[in-house]
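Hi everyone, thanks for coming. Have a look at the chain on the screen, and I'll walk you through a few parts of it.

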Amino acid sequence: MTPRLYYTDPYLTAFDATVTEVTEHEGSPAVVLDRTAFYPTSGGQPFDTGRLGEANVLSVVERDDRAVLHVLDRPLPSGPVHGTVDWVRRFDHMQQHTGQHLLSAAFDRLLHIRTESVHFGASTATLDLARVVSAREIDLAEDEANRIIWDNRPVAIRFADAAEAAALSLRKESSREGELRLIDIEGFDVSACGGTHVARTGAVGVVAVTASEKFRGGSRIEFVCGGRALRTFRVQRDAIAASVRLVSALPGELPAGIERLQTETKDVRRQLKEARSRLAGFEADALAAQATRRDGVALVVACLDGWDPAGL
């Protein structure tokens, strides 16, 4: 197992290590270090990127023996190496993961709804809840999670064995054996987790639910935190501003304005279809009048422009 520096210091982005194994992963050069600050894909959280010496770290994966493979864009020799973690990517993941803990804990504490699984994507994250939730319930959980964020509570990293962890009333029981790494959000949530998190809840900034849908008998909640929430707001702000200009309606009136335009479009299409049908009749009569008779058959030869297959 590769010792992981982010277990105790997720803010560490520069470190020195030794390349102990040179190998390949799916055709790309890869190395194992005697210790690492790079997070491998695990628990729904994506991997870190950055640099090792002169090589770019393209991805980080955990082998079956729990060694951490650093997949590179060029080979590295055995020996000492300096590593730097892409802080922008790391901090984004820290905000999303801590925000997920807060949102899951809020659903659990307020509504007794269990989070079944979590996934962190490149632009949004999702959590799957054990039952279907209403818009009102989502608002309640969202408000509670943000209340804890704005309290700026400490987020501590603790280590405990199974017996100690059982006495702490974890939000979700862990299936791992031996020592557990716990993320303790003061007075709100304690969960076993190997991911990277912020040191205080205020660093999450905000958690915002962007969508929800029924999924496998429960609900899938899509959310964004921190910088992602700001970027999402900007996209939606610009889209709403453009829509307001096109629809000539206030932001709150956009749904009704769009519905009105859809109704008008359907009416115009219906009228157009009826007009084309009548025109087709006139065209057919004109063509029939120009037909030539040959062996008792009326023959029409014409090149018609502007007609689709249905019209023909």
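Let's begin with a bit of vocabulary: helices (H or I, at least four residues) and strands (E, at least two) are DSSP runs, numbered from the N terminus. And the expected span of a helix is 1.5 Å times one less than its number of residues. Before we use that, a word of caution: this is a predicted model, where local features need pLDDT of at least 70 and side-chain atom pairs count only at pLDDT 80 or more, while totals for chains, interfaces and linings use all residues. Residues are numbered from 1 along each chain as its sequence is written, and side-chain values use heavy atoms, with hydrogens and water left out.

Okay, helix α2, residues 135–151. How far apart are its end C-alpha atoms? They are 24 Å apart, and that agrees with expectation, because 17 residues at 1.5 Å a residue should span 24 Å.

Quite a few residues in α2 are buried, including I138, A141, A145, I148 and I149. Buried means under 20% relative accessible area, exposed is over 50%, and partly exposed is in between (1.4 Å probe, protein chains only). The cover over those buried residues includes α1, β10 (180–185), β12 (207–215) and β13 (218–225).

Now, T201. You'll find T201 in the loop between β11 and β12. Is T201 buried or exposed? It's buried, with a relative accessible area of 0%. A polar atom of the T201 side chain sits 2.8 Å from the backbone oxygen of I148. That's a polar contact, meaning a pair of N or O atoms within 3.5 Å; within protein, one must be able to donate a hydrogen and the other to accept it, and residues adjacent in sequence count only if both atoms are side-chain atoms. If we skip neighbours within four places in sequence, T201 also has contacts (heavy atoms within 4.5 Å) with residues including L102, I149, D151 and N152.

On to α1, residues 87–111. Its 25 residues should span 36 Å at 1.5 Å a residue, and the end C-alpha atoms are 35 Å apart, which agrees. This helix is mostly covered, with 18 of its 25 residues buried. At the N-terminal end, D86 acts as a cap: one of its side-chain oxygens lies 3.1 Å from the backbone nitrogen of V88.

Here's a backbone oddity. Most residues other than glycine have a negative phi. But just after α1, H112 has a positive phi of about 55°. H112 is in the loop that leads to β7 (115–120), and it's exposed, at 69% relative accessible area. Just after α2, N152 also takes a positive phi of about 55°. D295 is another one, with phi near 55°, in the loop between β14 (292–294) and β15 (297–299). D295 is exposed too, at 79%.

Last stop, the largest pocket. How many residues line it? There are 37, and G43, R176, A192, C193 and G194 lie nearest its centre. The elements giving two or more residues to the lining are α1, β7, β10 and β11 (189–192). So you can meet α1 again here, after seeing it among the cover of α2. For the record, on a 1 Å grid over the protein atoms alone, a pocket is an open set of points where a 1.4 Å probe fits, with protein on both sides within 12 Å along at least five of seven lines, and lining residues have an atom within 4 Å of a point.
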